[in-house]
Amino acid sequence: MKSKCLSVQFLMLNSLLFFILFVSNSLQAQPEAYNKAVEMAQNGNPKEGLELLKSALNADSKNSELLYYTGFYLEQLKNVPKAVELYKEAIKIDKTNFEANYRLGFLYEKIDSAEQAFAYYKTALLHVPSTQEEEKNTILARIIVLSDATQKIDKETVAYADTYFKSQEIEKIPPPVALALANILYQNSEYENAQKLTKPILEKTNSNAYPVQKAAFIYTSCAFRLQDFDGMATYYARIQDKRLKTELENTAPKYYYNLGYVYFFMYDFDKSMRYLRTALTIKTDYSPAQVFLNKVEHQKEDRSEVIDHIRQKIKFSEHKSHDAAYYYDLTRLCVYEKRYNEAIKVADSCLQLEPNRQEVYFLEAIANYKTIKDKEGVVIVEQALKKFPKLDNETRSKYYFLLGLLQKRLKNYGEAEKAFEQAKRGVFEDAAHWELSKLRE
């Protein structure tokens, strides 16, 4: 029995000493009573040390630092409720006591009280001394891990994640923090950084534990989105979890299908076909991609005879508003056949007859884009967006995506970014993210 008691006391003492060493850099000048109490604990007399701190508090009950250190001492002696009480008393007296705020955040995190933990961590972050960068990063790391665990990934969380990421060497970030950080950046479409964070985790272990599989999932998902074909296969086999694997198998082909869909409507049929074929390579039975691929291949048919036929109809018809339908069809066919200068002229004629044909504005803007008349294209798109303020979401995204391409080639990167942000809806979201990631290259 005596041996057991000594063992418990030894473990308690070791815990106290370890924690003191761990946080020693973050502590401000300790009260003399605390230093003496630590000496007593080191000599096997933690209770006497506690009595000394209580006596000091009786003499100076409004001392924020003394309250904090007494609470800190109690926490190591496993009297957490009393420690929490003293930490809160310390904050009442001095809300800038960042150590007390940090310890409260940590303790509330341990009991899964996320909202309280966040509140104390954020307060602690506000009051970290400027000379203690390491302590600031420790708090940021806890916020990142907690945010990921509770799926609280808002703009504020992303800002914390970016701050932490920029201040650290990737290889030195602890794996649990790196994985949480990678997931936050992945959810925020920062695919390159998320992939960089997961790579060391996967390289340093052959474990098949779920966190490692999650790292492989994030790495592979980022590879799909970065069009990193080698990266797609590198760690794919390490994903054994059925849910992760299913999500990946559904996400990857859908991503490339979305790209194929968008570039089809930008009349970039070669790019559209390449993305759709990639979707089918990843998942051979992905029928939406096959259906749309058939549509893309159909665009290769020669429409010269149809164009001549419509021209004849226009020639022998009276120039009335209902004839605008002929001009619309002719504009569309000229764009398909890459007869862009003709398309621009026909579109102008169509809009003179019927100025409210919204789709003709888009075709004329595309024709200007294809002939590198980017300024003219921007004017047309902006006219359409102003003239038709109630476009459905997909049509609106289509216009903004084209506007982004036009502004990008004009090197108006700020305007291009705004346009692609507006385009991030539905099937256009993946393509908009892709263009944003390559905006200034």
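Let's start with a single side chain: R339 has a relative accessibility of 24%, so it counts as partly exposed. Keep in mind as you look around that this is a predicted model. R339 has a partner, E342, and the two form a salt bridge whose closest N and O atoms sit 3.0 Å apart. E342 comes out as partly exposed too, because its relative accessibility is 26%.

Now step back and take in the whole chain. You'll find 24 helices and zero strands. There are 441 residues, and 50% of them count as buried. If you take the contacts with a separation of 6 or more, 59% of them are between residues 24 or more positions apart. Keep that in mind when we get to pairs that bring separate parts of the sequence together.

Back to the salt bridges, of which the structure holds 18. One of them is between D374 and R409, with the closest N and O atoms 2.6 Å apart. D374 belongs to helix α21, which covers residues 374–387, while R409 belongs to helix α22, residues 393–409, so this pair ties together parts that are 35 residues apart in sequence. The two ends of the bridge are worth checking one by one. D374 is buried, since its relative accessible area is just 5% and the cut-off is under 20%. R409, at 36% relative accessibility, counts as partly exposed.

Another bridge joins K152 and D154, and here the closest N and O atoms are 3.8 Å apart. K152 is partly exposed, with a relative accessibility of 25%. D154 is partly exposed as well, at 30%.

Salt bridges can also link up into a network, and E354, R357 and E359 do just that. Look at R357 in particular, which you'll find in the loop between α19 and α20. Is R357 buried or exposed? With a relative accessible area of 17%, R357 is buried. Leaving out residues up to four places away in sequence, R357 touches A324, A325, Y328, C350 and L351.

That brings us to the helices on either side of that loop. How do two packed helices get described? By the angle between their axes and the distance between the axes. For α19 and helix α20, which spans residues 358–370, the axes come within 9 Å and cross at roughly 155°. An angle over 145 degrees counts as roughly antiparallel, so that is how α19 and α20 run relative to each other. The crossing of α19 past α20 is left-handed. Which residues make the contact? On the α19 side they are Y340, A343, I344, A347, D348, C350 and L351, and on the α20 side V360, Y361, E364, A367, N368 and K370. Sort them by class and you get nine nonpolar residues, one polar and three charged. C350 and L351 may ring a bell: both are also touched by R357.

Just ahead of α19 there's a loop to look at. It runs between α18 (324–336) and α19 (340–353), and K338 lies in it. The phi of K338 is near 65°, a positive value in a residue other than glycine. K338 is exposed, because its relative accessible area is 56% and the cut-off is over 50%.

D112 tells a similar kind of story elsewhere in the chain. Its phi is near 60°, again positive in a residue other than glycine. D112 sits in the loop between α6 (98–110) and α7 (114–126). At 71% relative accessibility, D112 counts as exposed.

For the last stop, head inside to L259, in helix α14, which covers residues 242–265. L259 has 0% relative accessibility and so counts as buried. What is L259 in contact with, once its neighbours within four places in sequence are left aside? The answer is Q227, Y275, D430 and A431. There's one more pair to trace from here: L259 and K271 are twelve residues apart in sequence, and their C-alpha atoms are 8.6 Å apart in space.

How values were computed:
Residues are numbered from 1 along each chain as its sequence is written. This is a predicted model: local features need pLDDT of at least 70, side-chain atom pairs count only at pLDDT 80 or more; totals for chains, interfaces and linings use all residues. Side-chain values use heavy atoms; hydrogens and water are left out. A salt bridge is a side-chain nitrogen of Lys or Arg within 4 Å of a carboxyl oxygen of Asp or Glu. Buried means under 20% relative accessible area, exposed over 50%, partly exposed in between (1.4 Å probe, protein chains only). Helices (H or I, at least four residues) and strands (E, at least two) are DSSP runs, numbered from the N terminus. Contact means heavy atoms within 4.5 Å. Axes are lines fitted to C-alpha atoms, for helices over the stretch in contact, and angles run from 0 to 180 degrees between N-to-C directions. Angles under 35 degrees count as roughly parallel, over 145 as roughly antiparallel, 65 to 115 as roughly perpendicular and the rest as oblique. A crossing is left-handed if the near helix is turned anticlockwise from the far one by less than a right angle, and right-handed if clockwise. Ala, Val, Leu, Ile, Met, Phe, Trp, Tyr, Cys and Pro count as nonpolar, Asp, Glu, Lys and Arg as charged, and the others, Gly among them, as polar.
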